[in-house]
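Grab a pencil and work through these short exercises. Try each task yourself before you read its solution.

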Amino acid sequence: MSKYLVRVSFVVALGGLLFGFDTAVISGANPFIQPYFEMDDWTLGWTVSSVILGCIVGVVIAGPVGDLYGRKRPLILVAILFIISALGSALATQLFSFIGYRLIGGLAVGAASMLSPVYISEVSTNAHRGKLVSLNQLTIVIGILLAFFSNYFLVDIPEDNWRWMFGVEAIPASLFLVSLFYVPESPRWLLLRGEQKEANKIWKKLHAESEGEKLTVINESKLNFKILKEWKYLKWILVGVVLAFLQQMTGINIIMYYAPNIFSTAGFSTDNALLQTIVVGVVNTLFTLVAMRFVDSFGRKNLLLVGTVLMFLFLSLMSYLFLSGQQQSMITLIAILGFIASFACSMGPVLWVVISEIFPGEIRAMASSLAIMSLWIGAFFVSLTFPSMLSGWGGGYSFLFYACCNLISFFFVWKFIPKTKGKSLEEITELLY
Ligand code: BGC
């Protein structure tokens with residue numbers, strides 16, 4: 001891989017870092033914003049979920065915008081929205097404006113969650129695409145970790161510490177904005193627009209030091225919005241939509257968002273909540289690196305199959321421990337970390353790789369945005385229902401529910417997910433359509 005390609009991918013993957021930071025920052029700020037804005041639990045729940053609602057809207061808008069205006073310009077807008085949201089939330093004095101600025105952050109997260117992986121897949125070569133798109137998942141989990149650490153260090157600021165927690169996000173967001181100006185437009189998107197000369201120039205620069213795969217685009221001029229009526233296109237969009245929803249139904253965010261609740265239900269003391277969250281974040285990061293190492297050799301489908309089985313087993317073990325009253329043990333901790341590691345090696349990164357590969361160029365942004373919208377709807381559903389599920393059903397049946405969802409995912413992947421490793425985006429299109 002050329003150094004330029006790696007640099008460009010890193011810059012665009014900063015979108016993932018802000019995605020992770022923005023979704024995680026609120027957990028540390030909750031105890032302070034609740035009294036400041038005089039919120040009851042219900043209002044707090046809605047304030048937290050408002051980001052996810054913003055994500056749903058953001059990813060829907062980003063689809064057609066990405067197909068019409070390219071990947072780079074919308075990403076610049078996304079960076080600006082992140083800065084506005086960070087500073088606006090930090091300075092808000094009214095609940096109404098605070099929620100408004102969090103919604104703007106959600107729009108940015110939603111749009112970034114589609115544009116970054118799609119861009120990276122379009123500049124990559126076949127042999128490294130899995131690894132490079134997974135870079136986006138790596139930056140998501142690093143962003144989550146950064147938010148935990150920054151909340152930890154800022155919590156002792158005597159007055160209005162929460163303002164700093166939100167405000168610091170403007171630093172990586174500004175870095176993202178400035179660096180984006182040094183990134184080229186996606187050559188594949190340019191080629192689809194008929195700008196062949198410019199596309200080839202960028203492609204050559206990106207792959208100067210590598211073997212130099214040719215930039216080819218099969219004749220996709222026949223592709224337009226009408227194709228959505230054709231079953232063969234609709235089928236793959238449905239596959240993307242279901243897989244993205246299933247990524248959330250693995251139950252990853254019951255741990256990411258509610259780890260302290262789970263630990264305290266299991267009978268562990270809450271004093272170590274921060275330590276536990278950091279351990280969860282570190283395991284998530286390390287095993288995402290493992291996935292990056294294997295995604296291009298072991299293959300996307302194989303990682304998904306192994307990962308979903310392991311997640312099923314770890315969650316079943318947790319369910320058993322809770323049902324038999326043995327939850328307050330080291331094994332619970334090991335099961336949780338085993339579950340996180342299995343997600344990080346499979347559904348975490350691989351979902352984004354598959355989504356960025358299975359749609360033809362002309363509708364890639366729009367179709368990906370539909371799929372990722374279903375991911376955010378899943379996230380909304382999980383974050384809204386889990387607290388009452390845990391208190392109503394208890395840990396045993398809650399984990400059993402998510403274990404079963406992983407079993408469904410296994411069969412879905414087995415039946416519907418194509419093998420795409422090592423193929424060019426255009427070869428995948430020819431294979432599937
Ligand atoms: C998921 C997020 C999740 C994150 C954590 C992402 O792939 O889409 O919902 O919080 O991974 O690892």
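**Exercise 1: Around the ligand**

Start here: which residues surround the ligand? Keep in mind that this is a predicted model.

*Solution.* Look around the ligand and you'll find Q137, V141, I144, Q247, Q248, N253, N284, F343, G348, W352 and L375. Next, sort them by class: five are nonpolar, six are polar and none are charged.

**Exercise 2: Polar partners**

Find side chains that have an N or O atom within 3.5 Å of a ligand oxygen.

*Solution.* Step one: check Q137, whose side chain has an N or O atom 2.7 Å from an oxygen atom of the ligand. Step two: go to Q247, where the matching distance is 2.8 Å. Step three: try Q248, which has a polar side-chain atom 3.0 Å from a ligand oxygen. Now for the cover: the ligand taken alone exposes 320 Å², and the protein buries 98% of that.

**Exercise 3: The space and its walls**

Work out which elements give two or more residues to the shell around the ligand.

*Solution.* First, the space: the ligand takes up the largest cavity. Then list the elements, which are α5 (129–154), α10 (231–249) and α15 (347–357). Finally, pick the largest share: α5 gives three residues.

**Exercise 4: A salt bridge**

Why does the pair E122 and R71 tie together parts that are apart in sequence?

*Solution.* The structure has 10 salt bridges. In one of them, the side chains of E122 and R71 meet at 2.7 Å, N to O. Now place both ends: E122 is in helix α4 (residues 95–123), while R71 is in the loop between α2 (41–69) and α3 (72–91), so the pair links parts 51 residues apart in sequence.

Methods:
Residues numbered from 1 in each chain as written. Predicted model: local features only at pLDDT ≥ 70, side-chain atom pairs only at ≥ 80, totals over all residues. Heavy atoms only, no water. Near = heavy atom within 4 Å. Polar contact = N/O pair within 3.5 Å; in protein donor to acceptor, adjacent residues only side chain to side chain. Areas by Shrake-Rupley, 256 points an atom, 1.4 Å probe, with all protein chains shown as cover. 1 Å grid on protein atoms, 1.4 Å probe; cavity = no way out; pocket = protein on both sides within 12 Å on 5 of 7 lines; lining within 4 Å. Sits in = over half its atoms within 2 Å of the grid points. Helix = DSSP H or I, 4+ residues; strand = E, 2+ residues; numbered from the N terminus. Nonpolar A, V, L, I, M, F, W, Y, C, P; charged D, E, K, R; others polar. Salt bridge = Lys/Arg side-chain N within 4 Å of Asp/Glu carboxyl O.
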